[in-house]
Amino acid sequence: MWCALSQEKFFDEFQMEGAAAEDNEIYLELTPENFSRALKTAQNAKAVKIKLTNKQCPCLTVAVELPSLASSSRIVVHDIPVGMIPRKLWGDFREPSLPDFDVSIYLPAMKTMKSVVERMKNISHSLVIEANQQGEMNLKIETALVSVTTHFKALGNPAWVSEHASQKPAQERQPERMAEARIDIKRLLQLLAGQQVNPAKALCNIVNQRIVHFILLHEDFSLQYFIPALA
């Protein structure tokens, strides 16, 4: 998974001093549950300040200013231990490159897709997702006892601009020809369950029999999700 957040959409003030002048970045790792727990206390906050600090160990310090009946504010501070990733390893954490997909298609409404996949998970552990360049997508499960297919039509296909020269296979492919991948149904549900708000745009790229790549574009952030095909 890869998520990119727009700085100006989330922070009124922003000060950054990276690892070096030529590399104005900092790479760190943390436990998501700890960060989520700290931010939950900030739902009704007047202000939230996030700082990288050193308190016996590197920490992401979240200072939450809460409303108070008294003249002075209440400040709740969370120190979340983080691991600093050395510069020599930064290359392992670059944004994934766009795969040379066979088909790229817009997704149906996320709630609709989630409802379908939740029903399918009660029957099978895996699901086949297939689509073509004519805006058609199918979700299929097959067992020894039953075969179920849900069809979506007229979804539309993104027109990739010319700088994506590596995407010629999708453009040269016969439009009606399906590309497919069998994926773990629980992994797909993890993605769908996390989408509380429908993205402005949601699309799916399929590398036949290899990988399914989802791109969800929201106003404030973008999310990429890669699910490898099952053997």
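In this predicted model, Met 16 sits in the loop between helix H1 (7-10) and strand S2 (28-29). The residue is partly exposed, with a relative accessible area of 35%. Beyond its neighbours within four places in sequence, Met 16 is in contact with Asn 24, Glu 25 and Ile 26. Gln 43 follows 27 residues apart in sequence. The C-alpha atoms of Met 16 and Gln 43 are 25 Å apart in space.

Two of these contact partners recur at Trp 90. Residues up to four places away aside, Trp 90 touches Ala 19, Asp 23, Glu 25, Ile 26, Tyr 27 and Ile 85. Glu 25 and Ile 26 are thus listed for Met 16 and for Trp 90. Trp 90 itself lies in a loop, between strand S6 (83-84) and strand S7 (103-106). Is this loop residue buried or exposed? Trp 90 is buried, with a relative accessible area of 3%. Its side chain reaches the backbone oxygen of Pro 86 at 3.4 Å. Leu 30 is 60 residues from Trp 90 along the chain, and their C-alpha atoms are separated by 16 Å.

The chain as a whole contains five helices and 14 strands. Its C-alpha trace spans about 65 × 45 × 30 Å along the principal axes. Of its 231 residues, 33% count as buried. The exposed surface is about 14,600 Å², of which carbon and sulfur atoms supply 49%. Among contacts with a separation of 6 or more, 59% link residues 24 or more positions apart. The chain carries 25 positive and 26 negative charges. The mean positions of the two sets are 7 Å apart.

Thr 61 belongs to strand S4 (residues 58-66). Its relative accessible area is 5%, so Thr 61 counts as buried. The side chain of Thr 61 makes a polar contact of 2.6 Å with the side chain of Thr 53. Thr 53 also appears in the wider contact list of Thr 61, which leaves aside neighbours within four places in sequence. That list further holds Lys 49, Ile 50, Lys 51, Lys 55, Val 77, His 78 and Asp 79.

A second buried polar residue is found in strand S8 (residues 126-131). This is Glu 130, with a relative accessible area of 9%. Which side chain does Glu 130 meet in a polar contact? The partner is Asn 138, at 2.8 Å. Glu 130 also touches Glu 136, Met 137, Lys 140, Met 178, Ala 179, Glu 180 and Ile 206, residues up to four places away not being counted.

Lys 140, one of the residues touched by Glu 130, has Thr 149 of S10 as its bridge partner. Strand S9 (residues 137-142) and strand S10 (residues 147-152) pair in the antiparallel sense over six bridges. A hairpin of four residues joins S9 to S10. The loop between S10 and helix H4 (168-172) holds Ala 154. Ala 154 has a positive phi of about 55° although it is not a glycine. Its relative accessibility is 74%, so Ala 154 counts as exposed.

A positive phi also occurs at Gln 209, a residue other than glycine. Gln 209 is found in the loop between strand S12 (201-207) and strand S13 (211-217). These strands form a hairpin with three residues between them, and the phi of Gln 209 there is near 65°. S12 and S13 run antiparallel and are joined by seven bridges. One of the bridges pairs Ala 202 with Leu 216 in S13.

S13 also pairs with strand S14 (residues 221-228), again in the antiparallel sense and over seven bridges. Here the bridge partner of Ile 211 is Pro 228 in S14. Three residues lie between S13 and S14 in their hairpin. Why is S13 described as largely enclosed by the rest of the structure? Five of its seven residues are buried, so the strand is largely enclosed.

Definitions and conventions. Residues are numbered from 1 along each chain as its sequence is written. This is a predicted model: local features need pLDDT of at least 70, side-chain atom pairs count only at pLDDT 80 or more; totals for chains, interfaces and linings use all residues. Side-chain values use heavy atoms; hydrogens and water are left out. Helices (H or I, at least four residues) and strands (E, at least two) are DSSP runs, numbered from the N terminus. Buried means under 20% relative accessible area, exposed over 50%, partly exposed in between (1.4 Å probe, protein chains only). Contact means heavy atoms within 4.5 Å. Accessible areas come from the Shrake-Rupley method with a 1.4 Å probe; for residues, only the protein chains shown count as cover. Lys and Arg count as positive and Asp and Glu as negative; His and the chain ends are not counted. The place of a charge is taken as NZ of Lys, CZ of Arg, CG of Asp or CD of Glu. A polar contact is a pair of N or O atoms within 3.5 Å; within protein, one must be able to donate a hydrogen and the other to accept it, and residues adjacent in sequence count only if both atoms are side-chain atoms. Two strands pair if DSSP finds at least two bridges between them.
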